[in-house]
Each structure stands twice: as structure tokens, then as C-alpha cells.
Amino acid sequence: MKTLTKAEEQIMQVLWKLGPSFVKDMIEEMPEPRPHYNTISTLVKILVEKGFVSFKAYGKSHQYYALITKEEYSHKTVKNLVKGYFEGSFSNMVSFFVKEKDMSVSDLEKLLQQIKQAKNNEK
């Protein structure tokens, strides 16, 4: 899967939130100062070329929609992050957050509980 630029990811976040949308709808959802219509239109066309977005044509207007869910993209992004920065090890990633004090004991306990629950569901 290709990676998204920050601007492309911002457009995807809007599409995931709104669902199928016209460019004008996406612009209204953007924070101030809102980007120009042509900027959003260009970014959406790039997302279509990359295979993240498709559209339905209504005359000259196009309604765009995401071809990948937020969950699918998040999953791939996290896997790439772990592979690229933590030697492919999720335990190295968790260890990093513990050492940086970004993860509390309570967070670790919740994570362990989720792991145990997932393992039990596999049986």
C-alpha cells in the first residue's frame, strides 16, 4: 500500500468521517483557514490515482468516496511503523512508549487484558 502525505491523509480523514462527499463538502469540514477548491480537487484526484478514492459522476460534479476503511489504513500504517522503527517487534514498540513514559501501568494492564481476550477468542 502506498503511503499518504499529510495533506492526503487529511482528505481521507474527512471522507472517512463524512462518507461519500463532493469537494465543497470536504472544504466545509476542513479547519480554518480552509484550502482553496482547486487544492482539494487536486489532492482528491491524486488519491484516486493512488487507489484510495473513487467517485460517482453526476454531470460535471463528482461525489468521492473512500475505497479503503480507516481501520485498514491504520492497520497497514501501524505495521509499517513497527517494521520501520521497532525492528518488526510490537513488544519493542510498547517498550519504547513505556520508557518514554507515554504509557502508564494502567494502560499496560488494559493492553494485557486485550491480548488475553484476543487469545481466548482464537480458541
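User: Where is glutamate 87 found?

Analyst: In this predicted model, glutamate 87 sits in the loop between H4 and helix H5 (90-99).

User: What is phi of glutamate 87?

Analyst: Phi of glutamate 87 is near 55°, a positive value in a residue other than glycine.

User: OK, peptide bonds next. Which residues does a cis peptide bond join?

Analyst: Glutamate 32 and proline 33 are joined by a cis peptide bond, with omega about -10°.

User: And where is the place of proline 33?

Analyst: Proline 33 belongs to the loop between H2 and H3.

User: On to H3, then. How do the axes of H1 and H3 cross?

Analyst: The axis of helix H1 (residues 6-18) comes within 10 Å of the axis of helix H3 (residues 37-50), and the two cross at roughly 90°. That crossing makes H1 roughly perpendicular to H3.

User: Which residues meet there?

Analyst: From H1, Ala7, Glu8, Ile11 and Met12. On the H3 side they meet Ile40, Leu43, Val44, Ile46, Leu47 and Lys50. By class, this contact of H1 with H3 has eight nonpolar, two charged and no polar residues.

User: Switching to pockets. How much space lies in the largest pocket?

Analyst: The largest pocket holds about 200 Å³.

User: Which elements supply at least two residues each to its lining?

Analyst: Helix H2 (23-29), H3 and strand E2 (61-66) each do. H3 gives the most to the lining, with four residues.

User: Which residues line the largest pocket?

Analyst: Phe22, Val23, Lys24, Tyr37, Ser41, Lys45, Val48, Phe55, Lys60, Ser61, His62 and Tyr64.

User: What is the lining by class?

Analyst: The lining of the largest pocket has six nonpolar, three polar and three charged residues.

User: Last topic, rings. How many aromatic pairs does a search of the whole structure find?

Analyst: The search finds five aromatic pairs. One pairs tryptophan 16 with tyrosine 73: the ring centres are 6.0 Å apart and the planes are at 40°, so this pair is tilted.

User: Which parts of the chain does that pair link?

Analyst: The pair links distant parts of the chain. Tryptophan 16 is in helix H1 and tyrosine 73 is in helix H4 (residues 70-85), 57 residues apart.

Terms used: Residues numbered from 1 in each chain as written. Predicted model: local features only at pLDDT ≥ 70, side-chain atom pairs only at ≥ 80, totals over all residues. Heavy atoms only, no water. Axes fitted to C-alpha atoms, helices over the stretch in contact; angles between N-to-C directions. Parallel < 35°, antiparallel > 145°, perpendicular 65-115°, else oblique. Contact = heavy atoms within 4.5 Å. Nonpolar A, V, L, I, M, F, W, Y, C, P; charged D, E, K, R; others polar. 1 Å grid on protein atoms, 1.4 Å probe; cavity = no way out; pocket = protein on both sides within 12 Å on 5 of 7 lines; lining within 4 Å. Points joined across faces, edges and corners; volume = space filled by probe spheres on them. Phe/Tyr/Trp six-rings, centres within 6.5 Å; stacked < 30°, edge-to-face > 60°.
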